[in-house]
Amino acid sequence: MTKQERIGTRKPTNLSLDSALVEEARELGINLSRVCEEGLRREIAAERGKRWKEENAAGIAASNAYVEKYGLPLEKYRMF
């Protein structure tokens with residue numbers, strides 16, 4: 001995504017943050033918007049991963065049970 005695309009997709013938002021942290025970040029030249037975006041991206045990715053695992057737990061368990069019982073289907077072709 002280009003810088004122009006990022007700017008075009010941004011939405012002004014009000015947040016409540018610890019004032020001491022905000023002041024320290026400003027003194028250090030830290031871009032609060034970018035830091036918040038990155039943190040939010042990480043949290044979204046982690047939550048999506050967690051939900052995917054929960055939603056697919058039965059299928060994963062079934063696959064693991066199959067491999068445990070019968071082994072890997074193409075195991076004879078493995079080079080390691």
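**Note on a predicted helical model**

1. Leu28, Ile30 and Val35 together make up a nonpolar patch on the surface, and their combined accessible area is about 280 Å². The model is a predicted one, and the patch should be read with that in mind. Of these residues, valine 35 sits in helix H3, which covers residues 32–55. Valine 35 counts as partly exposed because its relative accessibility is 48%, a value that falls between the limits of 20% for buried and 50% for exposed.

2. On the overall fold, the protein chain has four helices and zero strands, so that, read from the N terminus, its elements follow the order α-α-α-α. The radius of gyration is 22 Å, which is well over the 12 Å that the globule rule gives for 80 residues, and the protein chain is therefore more spread out than a compact globule. Along the principal axes, the C-alpha atoms fill a box of roughly 60 × 30 × 25 Å.

3. On exposure, 4% of the 80 residues of the protein chain count as buried. The accessible surface of the protein chain amounts to about 7,800 Å², and carbon and sulfur atoms account for 56% of that surface.

4. The charged side chains deserve a point of their own. The model contains five salt bridges, and a network of salt bridges links Arg10, Arg34, Glu37, Glu38 and Arg41. Within this group, the side chains of arginine 10 and glutamate 37 meet in a salt bridge with an N to O distance of 2.5 Å. This pair links distant parts of the chain, since arginine 10 lies in the loop between helix H1 (3–8) and helix H2 (19–27), whereas glutamate 37 lies in helix H3, and the two are 27 residues apart. Arginine 10 is partly exposed, with a relative accessible area of 30%, and glutamate 37 is likewise partly exposed, with a relative accessible area of 24%.

5. Which residues meet arginine 41 in salt bridges within helix H3? One partner is glutamate 37, whose side chain meets that of arginine 41 at 3.9 Å, N to O, a distance that still satisfies the criterion of within 4 Å. Arginine 41 and glutamate 37 are separated by about one helical turn, because they are four residues apart in helix H3. Glutamate 38 also forms a salt bridge with arginine 41, and here the closest N and O atoms are 2.8 Å apart; both residues lie in helix H3, three residues from one another, which is about one turn of the helix. Arginine 41 counts as partly exposed at 44% relative accessibility, and glutamate 38 is partly exposed with a relative accessible area of 39%.

6. On aromatic contacts, a search of the whole structure finds one aromatic pair. The pair is formed by tyrosine 66 and tyrosine 70, whose ring centres are 4.9 Å apart and whose planes stand at 45°, so the arrangement is tilted; tilted pairs are those that fall between the limits of 30 degrees for stacked and 60 for edge-to-face. Both tyrosines belong to helix H4 (residues 57–70), and because tyrosine 66 and tyrosine 70 are four residues apart there, about one helical turn separates them. Tyrosine 66 counts as partly exposed, at 41% relative accessibility, whereas tyrosine 70 counts as exposed, because its relative accessibility is 55% and exposed means over 50%.

Methods. Residues are numbered from 1 along each chain as its sequence is written. This is a predicted model: local features need pLDDT of at least 70, side-chain atom pairs count only at pLDDT 80 or more; totals for chains, interfaces and linings use all residues. Side-chain values use heavy atoms; hydrogens and water are left out. Patches are made of residues with over 30% relative accessible area and no salt bridge: like charges are joined within 9 Å, nonpolar side chains (Val, Leu, Ile, Met, Phe, Trp, Tyr) within 5 Å. Accessible areas come from the Shrake-Rupley method with a 1.4 Å probe; for residues, only the protein chains shown count as cover. Buried means under 20% relative accessible area, exposed over 50%, partly exposed in between (1.4 Å probe, protein chains only). Rings of Phe, Tyr and Trp (its six-membered ring) pair if their centres lie within 6.5 Å; planes under 30 degrees apart count as stacked, over 60 as edge-to-face and the rest as tilted. The radius of gyration is taken over C-alpha atoms; the globule rule is 2.2 Å times the number of residues to the power 0.38.
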